Amino acid sequence: MANLRHPRSLKVFWAVAAAGSAFLLFQTETGIGPDLLFTAVYLGLMVMAAASCLWRAAAVRQERVAWTVLGAGLLSWTFGELYWTLAFTNADTVPVPSVADAGYLLYYPAIFVTLVLLFRERVREFRSSHWLDGAIAALAVASLASAIAFRPIVDATTGDAAAIAVNLAYPLGDLLLLSLVVAIFGLSGWRPGRAWLFLGAGLALSAGADGLYLLQSATGAYVEGGLLDAAWPIATLLVGLAAWQPSPRRAKVRLEGGRVIAVPFACGLIAIGLESWDHFERISDPALILATSTLVAVVIRMALVFAENQAMITSSRDEARTDALTGLRNRRSLMGELEAEIERATLEAPAALILFDLDGFKEYNDAFGHPAGDGLLARLGERLQDAVRGVGRAYRLGGDEFCVLAQPGAAGAEAVVAAALSALSDKGEGFEITASHGVALLPQDAQTAENTLQLADRRMYARKGGRRLSAGRQTRDVLLSTLSERQPDLYDHLRDVAGLAIAVSRELELSPEDLDEVARAAELHDIGKIAIPDVILNKPLPLTPEEWAFMRRHTIIGERILMAAPALRPVASLVRSSHERWDGNGYPDGLAGEAIPLGARVVAVCDAFDAMITDRSYRPAVTADEAREELRRCAGAQFDPRVVDAFCRATVLDAEGSPTPV
């Protein structure tokens, strides 16, 4: 929707309108000024209100029809005022109906059409409860207005049938307009915006003025030129001002919180109050009918609230028991259904819990990215559900773990396992996904859901230990084998560093995925030394500055080597940063503090410790205690203090003084 601009000419326009309104109020209160000027300003303000709507329609395409119709309706009202002024100002009696009444009454269908068109344009979607809220509010307002004004107006209305019909058309039209506005407020979620507020204020002011005029005219209390006469042009200006308010985007209505019950509750109280009042002083039949209708609508609304809440609770329960990515049931759902299955299963009709863990999925994620990994999990989950349909249900427990709870029957669990493994397998260029599994039979293997799950988990990881090596593992083994052939001592060093790094990572409570990356980085952190000449690697004397510069390139070379294998790319960044220092004086990038990847900080501590307790060509080894003290001394400068503390907690010394992971 357009955000309307306010050019200077429009500001001048509304300044003139405000000045005219102020003059009318001043003259009605003081009586100062000629009547002709009052009439001219009165009619001029009404013309300006109509011009405002037509100007808006001409300037902005959106909602053009609605504002054109409203502008035409205001012109019709203005014509009625002009005709009445010219024909009946000095008349002793005013005929009813007259041409002026036709001009006045044509305004009502115009404003009705405008309200409906604006509402349809500005509200995109709403529920049946919003319709009902609008109807409740409209009925309550109509019943209250009827109780207050209907009988006095009817009693004061005299004349023939045509005169009575015309006189009653005004309050009835105003009552319907007010009801429609209140209903639209309800349908808008009780957040109507400034345009609707100006429209509502203008219609409410004109409706009040109409009702008061009919009462005063019938009783002879009406005085021309009084404050009442100023109400109509000001009401039309409020309607015209609504045309230039910023138009909101077409929105979906949301009704939440206390507003869900606030309107039905308040309207129900109004209806109960009117019904109670009727026992002490009779109210009009229309008011009584409208009040009763309001109560019926409130009861229906409360029933609808209950139904919506029940549906929401059911939906929340389903969401809590469903995996959002795959649409399969989740761990919470499995545990409840597993308990029930344990109660039902017998030796003659056993049940089977089968756990699956994908092999090669981490490498797939590393190579193709997490969105592709999520897509793969969704596809495999759908295939798994199709594979076991009729004999069991499929679940996703999290990460790359799936589960099947089946009643295999005479075919046995092996047939279900085979079908599930086929569903959880996939391969393509650069990847292959398989699955390891573990089976627990009910009731013979376990008696509780927790024990059943633990047993299947242990059996799954026992199988996983002997699975075919993944592409990443194969690449790592090839690199380490190459390094072992060239530098056997360096291979032993990497193996020892990896063992220490695993122990420290566990102490730091890293996730299994991160722990695996740290372990691989520890094994491969010196792989770049393949490109360093032996004369530099084995030099017994201190290295020259040029040789040090060459040596320090080994982390960059290692990164390049590992980046060539998609499954090892996450490890490559850790290898590059494995010789950075906590104080920023390391290489190759001069990273400091938390900017250094945590895995690289772990490798740095373990690498330094193993290097210190190992004989080198240029210096003898130190004791483990001395190396441990050196780590503590350098914590906060060369090493991350938190990692050093974790290292000291995670390792103990054996009888020969060598570090052994806990």
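These exercises work through a predicted model, with a solution after each task.

**Exercise 1. The chain as a whole**

State how many helices and strands the chain has, and what share of its residues is buried.

Solution. Start with the elements: the chain holds 25 helices and 9 strands. Next, burial: 46% of the 662 residues count as buried. Then look at contacts between residues at least 6 apart in sequence: 69% of them join residues at least 24 apart.

**Exercise 2. Two helices that cross**

Describe how helix α1 and helix α2 meet, and which residues make the contact.

Solution. Step one, locate them: α1 covers residues 8-30 and α2 covers residues 35-59. Step two, geometry: their axes come within 10 Å and cross at roughly 145°. The crossing is left-handed. Step three, the residues: α1 contributes, among them, Phe13, Trp14, Phe23 and Leu24. From α2 come residues including Phe38, Tyr42, Met48 and Trp55. Step four, class: the contact has 14 nonpolar, 6 polar and 1 charged residues.

**Exercise 3. Checking a helix length**

Test whether the end-to-end distance of helix α23 agrees with its number of residues.

Solution. Count first: α23 runs over residues 598-612, which is 15 residues. At 1.5 Å a residue, the expected span is 21 Å. Now compare: the end C-alpha atoms lie 22 Å apart, so the two agree. One more look at α23: 14 of its 15 residues are buried.

**Exercise 4. Reading a sheet**

Give the strand order of the open sheet of 5 strands, and name the strands at its edges.

Solution. Read across: the order is β4-β5-β3-β7-β6, with antiparallel pairing. Now find the edges: β4 (392-398) and β6 (426-428) each have a single partner strand, so one side of each lacks a neighbour in the sheet. From one strand to the next, the twist averages 20°.

Then take the pairs. β4 and β5 are antiparallel over 6 bridges. They form a hairpin with 2 residues between them, and Gly399 in the turn has a positive phi of about 55°. Within this pair, Arg396 has Phe402 of β5 as its bridge partner, and Gly392 has Ala406 of β5. β3 and β5 are joined by 6 bridges. β3 (residues 351-359) and β7 (residues 431-442) pair over 9 bridges. Ile354 is a useful landmark: its bridge partner in β5 is Val404, and in β7 it stands opposite Val439.

**Exercise 5. Burial in the sheet and the helices on it**

Work out how covered β5 is, and which helices lie on the sheet.

Solution. Start with β5: 6 of its 6 residues are buried. Sort the side chains: Glu401, Cys403 and Leu405 point one way, while Phe402, Val404 and Ala406 point the other way. Both sets are buried. For β4, 5 of its 7 residues are buried.

Now add the helices. Helix α11 (residues 331-344) lies across β3, β4, β5 and β7, at about 140° to β4. Helix α12 (residues 361-368) packs on the sheet and touches β3 and β7. The direction of α12 makes about 145° with that of β7.

**Exercise 6. One threonine**

Decide whether Thr114 is buried or exposed, and list its contacts beyond its neighbours in sequence.

Solution. Place it: Thr114 sits in helix α4 (residues 99-122). Apply the cut-off: buried means under 20% relative accessible area. Thr114 has 0%, so Thr114 is buried. Finally, leave aside neighbours within four places in sequence: Thr114 is in contact with Ala66, Val69 and Leu70.

Conventions
Residues are numbered from 1 along each chain as its sequence is written. This is a predicted model: local features need pLDDT of at least 70, side-chain atom pairs count only at pLDDT 80 or more; totals for chains, interfaces and linings use all residues. Side-chain values use heavy atoms; hydrogens and water are left out. Axes are lines fitted to C-alpha atoms, for helices over the stretch in contact, and angles run from 0 to 180 degrees between N-to-C directions. Helices (H or I, at least four residues) and strands (E, at least two) are DSSP runs, numbered from the N terminus. A crossing is left-handed if the near helix is turned anticlockwise from the far one by less than a right angle, and right-handed if clockwise. Contact means heavy atoms within 4.5 Å. Ala, Val, Leu, Ile, Met, Phe, Trp, Tyr, Cys and Pro count as nonpolar, Asp, Glu, Lys and Arg as charged, and the others, Gly among them, as polar. The expected span of a helix is 1.5 Å times one less than its number of residues. Buried means under 20% relative accessible area, exposed over 50%, partly exposed in between (1.4 Å probe, protein chains only). Two strands pair if DSSP finds at least two bridges between them.
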